[in-house]
Amino acid sequence: PAWVRVTTSDGTVLLEKIMDAGERFTLPSLEEAPLLRTGNSGAVYFAVNGQTYGPAAPGPQVVKNIELSQSHLMAAYQLADLTADPELAQMMAMVEAPMPEGEAQATE
């Protein structure tokens, strides 16, 4: 589990909660990329164009002001090595499964 807060550029909170393993959240389309603050950053990964990047930072540290744009995430983070982490590979298989209708998407 990891606590996450996603805010817009004006500070409006889009999501603030403790996300469980495999839980997803899809970002809305905005003019400016939202920002992420999270604890237990080693458990937070980003799904971009069908690929997994991350983690947000090593270990259980708190990170803030991570720009959640595709270009930033792809430039700032490496592709996650699913072969080195079987648990992450299992979680990603869950994430890639079809989502029930009406459910948002994020990856933790």
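**Serine 41, serine 69 and the sheet**

Me: The backbone oxygen of glycine 59 lies at what distance from a polar atom of the side chain of serine 41, and how does that stand against the cut-off for a polar contact?

Reply: In this predicted model, the two atoms are 3.4 Å apart. A polar contact requires a pair of N or O atoms within 3.5 Å, so the distance of 3.4 Å meets that limit.

Me: Which other backbone oxygen lies by a polar atom of the serine 41 side chain, and at what distance?

Reply: The backbone oxygen of glutamine 61 does, at 3.0 Å. This value also satisfies the 3.5 Å cut-off.

Me: Why is serine 41 called buried?

Reply: Its relative accessibility is 0%. The term applies under 20%, and therefore serine 41 counts as buried.

Me: Where in the chain is serine 41, and what is it in contact with beyond its neighbours within four places in sequence?

Reply: Serine 41 belongs to the loop joining strand 3 to strand 4 (46-48). With those neighbours set aside, its contacts are Pro55, Ala56, Ala57, Pro58, Gly59, Pro60, Gln61 and Val63.

Me: Why does serine 69 count as buried?

Reply: The relative accessibility of serine 69 is 14%. Because that value is under 20%, serine 69 is classed as buried. The residue is found in the loop between strand 6 and helix 1 (70-76).

Me: What makes the pair of side chains of serine 69 and glutamate 67 a polar contact?

Reply: Their separation is 2.7 Å, which is within the 3.5 Å limit. Both atoms belong to side chains.

Me: Which residue stands opposite glutamate 67 in strand 6, and how do you know that strand 3 and strand 6 pair?

Reply: Leucine 35 stands opposite glutamate 67. Strand 3 (residues 35-38) and strand 6 are joined by three bridges in the antiparallel sense; pairing needs at least two bridges, so the criterion is met.

Me: What is the order of the strands in the open sheet, and what makes strand 2 and strand 6 edge strands?

Reply: The sheet has four strands in the order 2-1-3-6, with antiparallel pairing. Strand 2 (13-19) and strand 6 (63-67) are the edge strands, as each pairs on one side only. From one strand to the next, the twist averages 15 degrees.

Me: How many helices and strands does the chain have, and what share of its residues is buried?

Reply: There are two helices and six strands, arranged from the N terminus as β-β-β-β-β-β-α-α. Of the 108 residues, 35% count as buried. The chain exposes about 6,400 Å², of which carbon and sulfur atoms supply 52%.

Terms used. Residues are numbered from 1 along each chain as its sequence is written. This is a predicted model: local features need pLDDT of at least 70, side-chain atom pairs count only at pLDDT 80 or more; totals for chains, interfaces and linings use all residues. Side-chain values use heavy atoms; hydrogens and water are left out. Axes are lines fitted to C-alpha atoms, for helices over the stretch in contact, and angles run from 0 to 180 degrees between N-to-C directions. Buried means under 20% relative accessible area, exposed over 50%, partly exposed in between (1.4 Å probe, protein chains only). Accessible areas come from the Shrake-Rupley method with a 1.4 Å probe; for residues, only the protein chains shown count as cover. A polar contact is a pair of N or O atoms within 3.5 Å; within protein, one must be able to donate a hydrogen and the other to accept it, and residues adjacent in sequence count only if both atoms are side-chain atoms. Contact means heavy atoms within 4.5 Å.
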